[in-house]
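Ready for some practice in reading a protein model? Have a look at the sequence and the structure below, then work through the exercises one step at a time.

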Amino acid sequence: MFLAWQEKVFHTQLFLFEKSRFFASVISILSIYMKAINLPGLDKKWQSKWAKAKIYQTKDLSDKPKFYVLDMFPYPSGSAMHVGHCKGYIASDVVARMKMMQGYNVLHPMGWDAFGLPAENFAIKNKIHPAKAVAQNISKFKKQLELIGFTYDWAREINTTDPDYYKWTQWQFKKMFEAGLIRSIMDPVNYCPSCKTVLANEDVEDGKCERCSTLVQRKPIREWEILITKYAQRLLNDLDKLVGWEDSIKEMQRNWIGKSEGAEITFKIQPKGEIKIFTTRLDTIFGCTYCVVAPEHPIIQELKENISNDQEIQGYIEASKQKTDLERTDLAKEKTGVEIKGIKAVNPFNNQEVSVFVGDYVLGHYGTGAIMAVPAHDQRDFEFAQKHNLEIKEVIKNSNGETVLPFVLDGVLINSQEFSNLTSEQARTKMVELAVKKGFGQKTINYKMRDWVFARQRYWGEPIPLVYCQHCADAIKSGNYQKDQYSQGEINNPGWIAVPDKDLPIKLPNVKSYQPSGDGQSPLASIAKFVNTKCPKCKGKAIRETNTMPQWAGSCWYYLRYIDPKNKKSFVDINKEKYWSPVDLYIGGAEHATRHLLYARFWHKFLKDSQLVNYDEPFKRLQHVGLILGQDGQKMSKRWGNVIDPDDVVKQYGADALRVYEMFMGPFGDSIAWNTQGLVGAKRFLEKVVSIKGKTGAVADSKELVKMLHQTIDKISKDIQDFKFNTAISQLMIFANEAEKQEKITENTVLTFAKLLAPFAPHLAEEIWQEKRKGKFVSIFQEAWPKADPDILVDDEVDLIVQINGKVREIIKVDANISKDQALELVMQRETTKKWIGEGKPRNIIFVPKKLINIVF
């Protein structure tokens with residue numbers, strides 16, 4: 001028994017003890033949050049350690065399985081990146097870090113797509129030389145990337161403007177030229193009057209320049225074309241091999257290639273000549289009541305003397321030259337045309353003469369540049385025929401006999417001589433057989449994709465490694481040369497001679513005046529020292545090609561150079577390429593589907609045909625990036641004043657908060673507006689993680705927490721693989737909330753959680769790991785990725801659906817391994833079941849383990 005004074009002392013001591021515990025707890029919590037607030041301080045600390053330990057340096061060859069993850073390298077065409085640029089780079093880094101920990105030899109490189117219009121236009125706008133602008137921008141971009149803590153192996157950094165790099169771009173171009181895949185043309189091409197250069201079809205969007213939105217013109221300029229159409233069918237067929245590509249991207253390429261199977265039919269022209277038409281609907285040919293040729297079609301000039309309204313025709317042709325292809329083919333606009341009086345076309349199937357029109361909605365460079373018109377079975381032809389009071393002749397009817405013109409579907413033929421009563425499909429087969437037999441037609445395939453216009457009349461690009469020699473041109477044209485003296489490309493393009501390998505690279509000269517001339521020539525044309533040279537074949541006078549390559553040239557093969565960036569003898573060692581190719585994961589914008597991605601696939605197939613690489617396709621899996629929009633919902637742009645600088649975000653919140661927020665914003669492929677409150681939430685989550693690491697000390701975790709940990713391991717591993725980063729982070733948050741409720745947790749659980757967090761928040765994860773693991777520095781990214789125990793993942797209890805005569809009556813918790821008899825016994829004892837069955841006896845029992853039991857009465 002305590003005396004009164006002893007009791008008073010005891011309670012005083014107890015109060016002081018409890019008070020000291022309270023303050024210790026407060027101090028502990030405060031210290032934790034003080035550290036949490038200083039999350040940005042972790043960035044440089046661990047980035048420096050990682051760089052010193054060279055943990056991201058990739059081995060060329062290894063016994064480990066390889067994983068090649070690649071970002072579409074950026075154009076250094078702006079003064080800085082914004083947070084939208086970071087999204088894809090963070091995603092690739094998350095995957096790369098997990099793969100490192102899973103035991104893969106990971107290649108995750110970065111470089112710069114620095115030649116071309118984007119960089120040159122930036123330089124012109126800012127009145128700075130492109131070389132200087134690119135160097136400054138690259139320096140800024142690289143510092144920004146380093147702030148975020150990526151796993152890039154900077155020893156493999158490439159730059160498309162480096163002569164050691166573009167030497168091999170020129171070399172590969174030369175190989176294509178020698179193989180006969182490149183030709184010189186002087187045809188109307190897409191021309192941007194603002195950028196003052198030719199554009200490929202893929203660089204034109206809605207009739208406007210993709211770079212500056214200026215309306216594109218059609219202008220005849222000497223150009224180079226790469227014959228990509230020779231690979232059209234392979235490019236189309238091999239899309240089926242790309243099971244790791246999103247269907248939407250593959251469909252965009254299919255539509256761009258635009259395969260059409262049909263027939264090419266020859267119509268005789270009266271009084272002389274002929275035209276060939278391509279049609280996919282040969283079954284409708286008996287309904288042809290007129291033909292239309294493109295303004296560019298040569299038949300117009302060939303029969304000029306026979307055309308009675310030639311002046312009217314020539315005026316129409318001149319007017320069409322002012323229209324873009326988009327304007328000419330716009331389905332929403334009225335189709336125009338003028339009858340060419342004095343000539344007729346003869347339908348070879350019935351020998352009927354029909355009028356011939358010139359119409360600008362037919363393009364000279366698509367198909368044969370001529371069409372047959374069947375007004376009863378084509379909406380466009382129907383409208384044109386009504387306008388010009390032309391005959392509309394029905395030759396296809398609906399199988400049910402009810403037809404409203406124009407009827408554009410397949411059906412049953414009428415008014416078609418011996419082909420009447422056949423189905424459209426049957427008729428097309430028999431008609432093409434007759435055309436082949438009688439020599440006026442053949443089955444053929446047409447592609448919407450055109451050959452690749454490859455030259456630009458600009459300064460900032462790879463010089464084309466060709467010279468023009470008049471002496472060699474004369475020799476080739478006359479046939480006065482020895483066998484094997486010239487390559488196929490030199491024979492196809494008389495006078496154009498490839499520069500020898502020993503003279504590569506042809507370096508871009510350093511000039512003061514680099515602005516485009518606008519006269520159809522590159523600024524290089526005014527540099528006599530560059531232009532005038534000797535022919536490598538005959539040693540006579542020659543002049544260099546002064547056009548440069550487009551911005552797409554260096555990006556067609558850059559993924560190969562990362563594999564072997566220092567190789568002086570080849571663009572890539574074939575054995576290293578065999579180990580690393582194809583790229584396992586490629587991340588970038590969907591806008592490149594019909595440009596870069598199509599070009600790179602073609603380029604790679606040529607290299608494969610030349611036995612320079614080992615595989616048919618360059619990219620195994622492709623993932624597109626959804627945009628990060630400004631807080632106003634518009635695309636981030638200085639123009640709108642809504643750009644968020646990642647440097648500011650990292651400085652205030654830390655790199656990990658930026659990384660977690662961008663991966664948590666929503667589905668990776670979706671476009672989502674930036675919200676700073678979300679960034680605050682990401683930081684708070686990381687602060688909660690800091691508090692959890694202070695809870696270590698338990699001998700064992702609860703059964704529920706262990707189960708949740710293994711569920712988290714399983715989900716995050718799958719979600720990262722499936723690019724479901726937002727749900728992976730959600731699972732991390734769920735586990736963190738549960739762990740926070742525990743009084744203590746084991747150190748193993750904290751360390752396992754740190755590993756799962758590491759791909760998203762590498763700096764904080766490394767801090768936790770190193771704090772718990774003393775001794776020599778071994779990064780968390782050199783440790784093994786956790787594996788979920790399948791036995792622990794198995795649920796002890798499941799929700800069993802109880803049905804009575806097929807209707808759900810209740811859902812009950814049962815043992816996961818409950819048998820059919822046990823389930824029946826349990827259910828039959830329940831009041832709910834008794835209510836519905838009364839005194840009845842079951843006629844049938846349907847039992848699906850772990851799912852449902854259906855009692856049928």
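## Exercise 1: Aromatic pairs

The structure, which is a predicted model, holds 50 aromatic pairs.

**Task.** What is the geometry of the pair formed by Tyr 468 and Trp 496, stacked or edge-to-face?

**Solution.** Start with the distance: the two ring centres lie 5.2 Å apart. Next take the angle between the planes, which is 65°. Planes over 60 degrees apart count as edge-to-face, and that is the label for Tyr 468 and Trp 496. Now place the partners along the chain: Tyr 468 sits in strand E21 (residues 466-468) and Trp 496 in strand E22, 28 residues apart, so the pair links distant parts of the chain. Last, check the surroundings. Tyr 468 has 22% relative accessibility and counts as partly exposed, whereas Trp 496, at 9%, is buried.

**Task.** Why does the pair of Phe 725 and Phe 760 count as edge-to-face or stacked?

**Solution.** The ring centres of Phe 725 and Phe 760 are 6.4 Å apart and the planes meet at 75°, so this pair is edge-to-face. Phe 725 belongs to helix H24 (residues 725-741), while Phe 760 is in the loop between helix H25 (747-757) and helix H26 (762-772). The two are 35 residues apart, and the pair links distant parts of the chain. Both Phe 725 and Phe 760 are buried.

## Exercise 2: A strand and its neighbours

**Task.** Is strand E1 (residues 66-71) enclosed or open, and which strands pair with it? Use the burial of the six residues of E1 and the bridges to E2 and E25.

**Solution.** Begin with burial: six of the six residues of E1 are buried, so this strand is largely enclosed by the rest of the structure. Then look at the two faces. In a regular strand, side chains alternate between the two faces of the sheet. On one side of E1 are Lys 66, Tyr 68 and Leu 70, on the other Phe 67, Val 69 and Asp 71, and both faces are covered.

Now find the neighbours. E1 pairs with strand E2 (residues 105-107) in the parallel sense, over three bridges, and Tyr 68 has Leu 107 as its bridge partner. To get from E1 to E2, the chain passes through helix H3 (residues 83-101), making a right-handed β-α-β crossover. Strand E25 (residues 585-588) also runs parallel to E1 and is joined to it by three bridges; here Val 69 stands opposite Leu 585.

## Exercise 3: Backbone details

**Task.** Where do Pro 406 and Gln 611 lie, and what are the omega of the bond from Leu 405 to Pro 406 and the phi of Gln 611?

**Solution.** Take the proline to begin with. Pro 406 is in the loop between strand E17 (396-397) and strand E18 (412-413), and a cis peptide bond with omega of about -5° joins Leu 405 to Pro 406. Then turn to Gln 611, in the loop between helix H19 (596-609) and strand E26 (621-624). Gln 611 is not a glycine, yet its phi is positive, at about 60°. With a relative accessible area of 70%, Gln 611 is exposed.

## Exercise 4: A pocket

**Task.** How many residues line the second largest pocket, and how do they divide by class?

**Solution.** The lining has 42 residues; Thr 329, Leu 363, Tyr 366, Arg 380 and Lys 448 lie nearest the centre. By class, 16 are nonpolar, 17 polar and nine charged. The space in this pocket is about 1400 Å³.

Technical notes: Residues numbered from 1 in each chain as written. Predicted model: local features only at pLDDT ≥ 70, side-chain atom pairs only at ≥ 80, totals over all residues. Heavy atoms only, no water. Buried < 20%, exposed > 50% of the residue type's maximum accessible area, 1.4 Å probe, protein only. Helix = DSSP H or I, 4+ residues; strand = E, 2+ residues; numbered from the N terminus. Pairing = 2+ DSSP bridges. Right-handed = clockwise from strand over helix to strand, strands pointing away. 1 Å grid on protein atoms, 1.4 Å probe; cavity = no way out; pocket = protein on both sides within 12 Å on 5 of 7 lines; lining within 4 Å. Points joined across faces, edges and corners; volume = space filled by probe spheres on them. Nonpolar A, V, L, I, M, F, W, Y, C, P; charged D, E, K, R; others polar. Phe/Tyr/Trp six-rings, centres within 6.5 Å; stacked < 30°, edge-to-face > 60°.
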